[in-house]
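Reader: I'm new to reading structures and would like to learn what the usual terms rest on. Could you take me through this one?

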Amino acid sequence: MSTPNNRIIVAIDGFSSSGKSTMARRLASKIGYRYIDSGAMYRAVTLYGLDTGLINADNLIDTEALVAALPSIVIDFAPQPDGSQHTLLNGRDVEEEIRRLRVSNAVSPVAAIPQVRHALVAMQQALGRERGIVMDGRDIGTTVFPDAELKIFVDASAQTRARRRFKEMIEKGAQVSYEDILANVVHRDHIDRTREESPLRRADDAIAIDNSEMTIEEQDEWLMERFLEATSGSKH
Ligand code: CDP
């Protein structure tokens, strides 16, 4: 497929905490593409709702008010000196806050609201207009970029995913239990898979990978091979 400068779109979808963000970020930095974490955008909208009381302490959402507030929620990504990006919510760096369990526990119902999805999908499509982008999420290969040249679908067992997320959060100093993380992973899987609007599913033309038993280096290598195939035209 020919694209401007031969730059393609790489869509990486999969279950929560499957390691797709790590895969996506590392590939993007190696090939010089922009990396966009679409989950961070759903998390930022959720944080806005929690901070403004439009999502209450029981995670009940005032959907109408949250939808009405969408035009005043501005999400940006700020590149960092170490090559990573921080998510900005109305100009404020919220990278650390959006990863907390408070947000993880509220995000999937927010991401199931059709108007929220429409607004964020439009932003994601605008970010990919020039191609040369690696984006990860739940519906990138199915809804955001159905024409992506390379689509990957990542899975791993719920226990493996919860263990990884637990380790990551403990390393960051968070006070969390493995059981709470596992419950959150299983709960989000369920909501993401069963929602009406763009449910999580593998696109028919996505390449599946289960990375339960793979190291980061092994998955990097696997993904780079898929990328080289996709850009050389030897496959797809
Ligand atoms: O990294 P992790 O798997 O914890 O989640 P994430 O990618 O940060 O996404 C957080 C939540 O946003 C997911 O559980 C989904 O409910 C939602 N999401 C979505 O619906 N569509 C996307 N493209 C990305 C995330």
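Reader: What makes the pair formed by an oxygen atom of the ligand and the side chain of Arg-188 a polar contact?

Author: Happy to explain! This is a predicted model, where local features need pLDDT of at least 70 and side-chain atom pairs count only at pLDDT 80 or more, while totals for chains, interfaces and linings use all residues. Residues are numbered from 1 along each chain as its sequence is written, and side-chain values use heavy atoms, with hydrogens and water left out. A polar contact is a pair of N or O atoms within 3.5 Å; within protein, one must be able to donate a hydrogen and the other to accept it, and residues adjacent in sequence count only if both atoms are side-chain atoms. An N or O atom in the Arg-188 side chain is 3.0 Å from a ligand oxygen, so the pair qualifies. Arg-195 has such a pair at 2.8 Å, and Lys-20 has one at 3.4 Å.

Reader: How much of the ligand does the protein bury?

Author: Alone, the ligand exposes 530 Å², and the protein buries 98% of that (Shrake-Rupley method with a 1.4 Å probe; for residues, only the protein chains shown count as cover).

Reader: Which residues are closest to the ligand, and how many surround it?

Author: There are 19 around the ligand, the closest being Ser-17, Arg-43, Arg-117, Asp-192 and Arg-195; a residue counts as near if one of its heavy atoms lies within 4 Å. Helix α2 (38–52) gives the most to this shell, with 4 residues. Helices here are DSSP runs of H or I with at least four residues, strands are runs of E with at least two, and both are numbered from the N terminus.

Reader: What is the pairing of the strands in the sheet?

Author: The open sheet has 3 strands in the order β3-β4-β5, and the pairing is antiparallel. β3 (75–79) and β5 (92–93) stand at the edges with a single partner strand each, so one side of each has no neighbour in the sheet.

Reader: How do you know that β3 and β4 pair?

Author: Two strands pair if DSSP finds at least two bridges between them. β3 and β4 (residues 85–89) have 5 bridges, so they meet that rule. Ala-78 stands opposite His-86 in β4.
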